[in-house]
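This report looks at one protein model, beginning with the fold as a whole and ending with a few individual residues.

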Amino acid sequence: RMETRIGMNEPLASFLRIERAGADAWTARLADLGWGKALGGDVLARAVLAASGTGDTTALHSLHAYFLRPAPAGGGVLLRVASLREDGGRVQRRVALWADKREICEVMISFAATRDGPSYQVTPTALQLPAPEALPNDVELARAEGWPELYLSPIEWRRIGPAWPFPRAPEAVSVRWTGWFRPRVPLPAEPQLHAAALVLLSDHSSHWGVETRLGPDFPRHDFVSLDHAVWIHRPVRWDDWLLMTTASDVRHAGRALIRREIFTREGSLVASVAQEALVTERDGASS
């Protein structure tokens, strides 16, 4: 049986491995980070690799996914790929992921050729921040703040902002969790692997957006991802630190919207992310 418990020094490329099981099918064993369930980003990254592996594709453009059921930590999944369009410089595929004979996630993935045309981007004020080299790493933060190092993954991060546990955010103010991220072990050269790793990053600890709002009340809540969307604005090789901001400015009827932006060190916006999560108080939590 494949070892599924992934330590923080395990190469990210090993974390994301898939194996072909037919012309349009792949298998994978989702990683176990000790959190009791698989990461949504792990599921989506495997879907990107499966969609990329069914034939020639151009650069990853966007991904839209619905999480239907919890993914088993350390469990095997089957990925079935359907080709929907392959013309005009665009490739669109649907990936259905199955575990224990039940579909757990449906993902629409689009690849698009690069085209000439005008470009623009508002200069991000979020990048007027400390460089990652000037900040403590996640291992140092775990030891200083008293949370288990076993929760660390093959992605290293460095936080900008208040210490954990986070204070409750003011009601009328938009707050952001901000930090730098990079693979602990450099990725191989394959572009598909870099795209899949970026999608994995897009879901990395997305609950931080809600936790920065609820502060000390967050541990009384369950957090369940419902759907996830990623738009990749320009191809990127993840060979250096990337800056990611996370915000959740609305929660109603138990559903919270999380928005993220991912930048290069130089300030280029690489990807935009939107995710909706069910954030509900646990039974008996008030007592």
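How many helices and strands does the secondary structure of the protein come to? In this predicted model, the secondary structure comprises five helices and 12 strands.

**Overall dimensions and packing**

The radius of gyration of the protein is 19 Å, which agrees with the value near 19 Å that a compact globule of 287 residues would have. Along the principal axes, the C-alpha trace spans about 50 × 45 × 40 Å. Of the 287 residues, 48% are buried, and among contacts with a separation of 6 or more, 70% join residues that are 24 or more positions apart. The protein exposes about 14000 Å², of which carbon and sulfur atoms supply 53%. There are 33 positive and 34 negative side chains, and the centres of these two sets lie 2 Å apart.

**Confidence**

The mean pLDDT of the protein is 88, and 91% of its residues reach 70 or more. Over residues 1-5, however, pLDDT stays under 50, although the model has 14 contacts beyond four places in sequence for this stretch. Where pLDDT is low, the predicted coordinates should not be read in detail.

**Backbone geometry**

Most residues other than glycine have a negative phi, and most peptide bonds are trans. Against that background, aspartate 100 has a positive phi near 55°, and serine 205, which is likewise not a glycine, has a positive phi of about 50°. The table sets out where these two residues are placed and how accessible they are.

| Residue | Loop | Relative accessibility |
|---|---|---|
| Aspartate 100 | between strand E5 (90-99) and strand E6 (102-112) | 69%, exposed |
| Serine 205 | between helix H4 (191-202) and helix H5 (208-214) | 14%, buried |

The peptide bond from tryptophan 164 to proline 165 is cis, with omega near 5°, and proline 165 itself is placed in the loop between strand E7 (155-160) and strand E8 (177-183).

**Glutamate 145 and its contacts**

Is glutamate 145 buried or exposed? Glutamate 145 lies in helix H3, which covers residues 138-145, and it counts as buried because its relative accessibility is 17%, under the 20% cut-off. Leaving aside residues up to four places away in sequence, glutamate 145 touches Arg159, Ala163 and Trp164, and Trp164 is the residue from which the cis peptide bond leads to proline 165. The C-alpha atoms of glutamate 145 and glutamate 10, which are 135 residues apart along the chain, are separated by 24 Å.

Key: Residues are numbered from 1 along each chain as its sequence is written. This is a predicted model: local features need pLDDT of at least 70, side-chain atom pairs count only at pLDDT 80 or more; totals for chains, interfaces and linings use all residues. Side-chain values use heavy atoms; hydrogens and water are left out. Helices (H or I, at least four residues) and strands (E, at least two) are DSSP runs, numbered from the N terminus. The radius of gyration is taken over C-alpha atoms; the globule rule is 2.2 Å times the number of residues to the power 0.38. Buried means under 20% relative accessible area, exposed over 50%, partly exposed in between (1.4 Å probe, protein chains only). Contact means heavy atoms within 4.5 Å. Accessible areas come from the Shrake-Rupley method with a 1.4 Å probe; for residues, only the protein chains shown count as cover. Lys and Arg count as positive and Asp and Glu as negative; His and the chain ends are not counted. The place of a charge is taken as NZ of Lys, CZ of Arg, CG of Asp or CD of Glu. pLDDT is the predictor's confidence in each residue, from 0 to 100.
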